[in-house]
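Here is a short tour of one protein model. Keep the structure open beside the text and find each part as it comes up.

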Amino acid sequence: MTTRVVVVGAGLAGGLCALRADRAGCSVVLLSKGPLGAGNTAYAQGGIAAATGGDDDVASHLADTLAAGAGTVDPAAARVLVSAGAEVVDELAALGVVFDRDAAGALSLGLEGAHGRPRILHAGGDATGAAIQRALNTALRDSDVDIRPDTLATEVMIARGRARGVRTLFRGAETTIDADAVVLATGGAGRLFAHTTNPEVATADGIALALRAGARVADLEFVQFHPTALADGELISEAVRGEGAVLRDEAGHRFCVEAHPAAELAPRDVVARAIAAAMARQDGRPVRLDATAIRATEKETASFLAERFPSIDRRLRARGLEWAREPIPVTPAAHYAMGGVATDLDGRTSVPGLYAVGEVARTGVHGANRLASNSLLEAAVFAARAASAVALDRPRREPGLAGALGGATVVVPPVSGPPTGSPDGLPPFSRAALQHLMWKHVGLHRDAAGLRHALATLDAWTAEPAEPRSAGEHEDANLLLVARTLTRAALARSQSLGSHYRSDDPAGRTASALLSDKVA
């Protein structure tokens with residue numbers, strides 16, 4: 001009997017899982033909420049981390065991954081991740097991704113924060129994600145995968161305790177797709193926040209689908225804020241700092257050297273908080289990313305930046321910013337969800353027949369703070385493993401997940417229960433109001449009072465739920481559900497840990513403390 005699979009999301013994780021399942025003999029339907037490949041993958045600038053040779057090795061990549069995660073990474077999951085790096089690079093190259101090489105023909109490797117050595121492969125300078133997505137789209141169109149763009153999954157259908165398909169919305173019409181297995185690959189939840197590097201499609205859909213289906217989620221409080229973005233959310237890759245750019249306040253002071261021995265190349269949570277503190281000292285105005293001295297002259301710097309970071313260079317010039325001549329204004333922005341739908345090492349969730357891969361999944365490889373450029377690697381590694389599991393698992397076989405998903409993770413509290421009470425001056429719900437609330441109280445700095453205020457507001461907004469009809473209304477419902485769940489998780493974890501920084505527990509365990517000894 002042919003296994004029928006619905007994959008929800010068509011970025012690297014979803015697309016590669018669909019391709020692999022198709023090649024394994026499954027009948028695959030691939031849903032994309034927008035055009036094919038409209039998610040986060042195409043926006044990835046820095047590259048993909050992998051130990052591919054030279055003086056690098058898998059053990060070093062593993063050590064960096066464990067350290068960056070503030071002691072909360074699942075070692076077994078991380079070992080699976082880093083051990084498959086070279087294989088993933090070969091597979092992407094076979095799909096048509098052309099990775100950049102140096103003058104001698106060797107792979108060109110970049111350095112990013114919390115990596116002990118250069119290991120970031122890139123394509124098109126700073127267009128790695130776009131190169132991967134283009135190659136993936138071509139392969140998908142040449143395959144037997146049934147691709148359905150502009151289709152929003154609104155519900156995972158459960159029958160006899162197992163995922164049996166999805167309900168969808170396509171151009172205003174509701175449809176049903178029956179399946180033996182459902183794979184969630186919807187990406188992250190950046191649109192929960194007022195400032196984010198994520199595209200508009202990142203509305204927490206997959207986590208919300210999983211919650212409503214009764215699947216376990218974990219670690220939602222761990223949200224990574226990228227240190228360097230323009231005010232409009234345009235990402236400025238960490239690889240720029242890896243090439244020598246530094247951060248300065250308005251007085252020209254290089255403040256990161258006081259925050260961590262690795263300065264601008266410390267873990268992302270450390271750098272983002274250092275920037276936020278510097279901004280607070282200057283009434284909230286952005287700090288400056290200074291790339292003007294990474295080469296001997298302005299002309300040489302301009303030439304290098306245009307060659308190494310062509311996409312960023314083009315976008316900055318379009319905004320009238322000449323970054324070879326003067327520093328550019330940057331601020332932190334919500335970037336990546338480390339938590340998500342809890343899975344085993346093959347993408348299985350706690351609901352039989354339901355799988356999750358990519359950013360929507362909580363595999364355990366990131367812990368409380370993701371190591372830079374491990375995200376594309378995770379998407380590819382676990383997409384392949386999930387595809388194999390889907391092909392092997394049959395509806396009559398129920399994977400034993402109680403042990404596989406146990407571990408030492410903190411499970412997100414359920415959102416059921418009485419509301420916490422309406423705060424005074426409750427604003428009417430809007431997506432912008434939600435994003436402002438989350439940024440202010442559930443963002444880079446959190447405390448009990450702010451979290452309780454946010455939760456009370458979210459509870460009040462959800463007290464009288466309306467039945468969503470349009471795609472936008474479904475997205476709003478998803479954002480509200482995940483915002484409420486995330487905020488409860490952040491309130492429950494009273495100690496600072498990695499990216500989850502409680503200003504009422506400033507001495508908590510963070511990647512900063514763990515990395516300081518390693519770098520010093």
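## A strand in the interior

This is a predicted model. Start with strand β1. Of its 5 residues, 4 are buried, so β1 is largely enclosed by the rest of the structure. Its partner β2 pairs with it in the parallel sense, over 5 bridges. One pair to look for is valine 5 with its bridge partner in β2, valine 28.

## The parallel sheet

β1 and β2 belong to an open sheet of 5 strands. The order is β6-β2-β1-β10-β17, and the pairing is parallel. At the edges stand β6 (146–148) and β17 (354–356), each paired on one side only. Neighbouring strands in this sheet are turned by 20 degrees against each other on average, direction ignored.

Strands of a sheet pair through backbone hydrogen bonds, in a parallel or an antiparallel way. Look at β2 (residues 27–31) beside β6: the two run parallel and are joined by 3 bridges. Here valine 29 stands opposite aspartate 146 of β6. Helix α1 (residues 12–23) packs on this sheet. It touches β1 (4–8), β2 and β10 (181–184). The direction of α1 makes about 165 degrees with that of β2.

## The antiparallel sheet

Another open sheet has 3 strands, in the order β3-β5-β4. Its pairing is antiparallel. β3 (48–49) and β4 (109–110) are at the edges with a single partner strand each, so one side of each has no neighbour in the sheet.

β4 and β5 (residues 120–121) run antiparallel and are joined by 2 bridges. Leucine 109 has leucine 121 of β5 as its bridge partner.

## The nonpolar cores

Which residues have the most contacts inside the largest nonpolar core? They are Leu12 and Leu92, in a core of 58 residues. Several elements supply at least two residues each: β1, α1, β2, α3 (75–83), α4 (85–95), α5 (128–141), β10 and α11 (374–392). The largest share comes from α11, with 12 residues.

Now zoom in on leucine 92. Beyond residues up to four places away in sequence, leucine 92 touches Leu12, Ile48, Val97, Phe99 and Ile132. Apart from this core lies another, of 52 residues. Among its members are Val6, Ala163, Ala213 and Leu437.

## Helix α4: two sides

Helix α4 has these buried residues: Gly85, Val88, Val89, Glu91, Leu92 and Leu95. Seen down the helix axis, they fall within an arc of 165 degrees, so they line one face of α4. On the other side, Glu87, Asp90 and Ala94 are exposed. A general rule helps to read this pattern. An α-helix has 3.6 residues a turn, so residues three or four places apart point the same way.

What covers the buried residues of α4? The cover includes α1, β3, α3, β5, α5 and α11. Just after the helix, glycine 96 takes a positive phi of about 120 degrees.

Leucine 95 is part of α4. Not counting residues up to four places away in sequence, leucine 95 touches Leu16, Leu19, Arg23, Ala135, Leu136 and Ala139. From leucine 95 to alanine 460 the distance is 49 Å, C-alpha to C-alpha. In sequence the two are 365 residues apart.

## Helix α8: largely enclosed

Helix α8 (residues 268–281) has 14 residues. From its first C-alpha to its last, α8 reaches 20 Å, close to the 20 Å expected at 1.5 Å a residue. Of the 14 residues, 11 are buried, so α8 is largely enclosed by the rest of the structure. The buried residues include Arg268, Asp269, Val270 and Val271. Ala278 and Met279 are also among them. After α8 comes aspartate 283, with a positive phi near 60 degrees.

## A buried loop residue

Finish with serine 237. Serine 237 lies in the loop between β12 (223–229) and α7 (238–242). Is serine 237 buried or exposed? Buried means under 20% relative accessible area. Serine 237 has 3%, so it counts as buried. Leaving aside neighbours within four places in sequence, serine 237 is in contact with Gln45, Gly46, Glu112, His226 and Ile312.

Definitions and conventions:
Residues are numbered from 1 along each chain as its sequence is written. This is a predicted model: local features need pLDDT of at least 70, side-chain atom pairs count only at pLDDT 80 or more; totals for chains, interfaces and linings use all residues. Side-chain values use heavy atoms; hydrogens and water are left out. Two strands pair if DSSP finds at least two bridges between them. The expected span of a helix is 1.5 Å times one less than its number of residues. Buried means under 20% relative accessible area, exposed over 50%, partly exposed in between (1.4 Å probe, protein chains only). Axes are lines fitted to C-alpha atoms, for helices over the stretch in contact, and angles run from 0 to 180 degrees between N-to-C directions. Contact means heavy atoms within 4.5 Å. A nonpolar core is a set of buried Ala, Val, Leu, Ile, Met, Phe, Trp, Tyr and Cys residues joined through side-chain atoms within 4.5 Å. The arc is that of the directions from the helix axis to the C-beta atoms.
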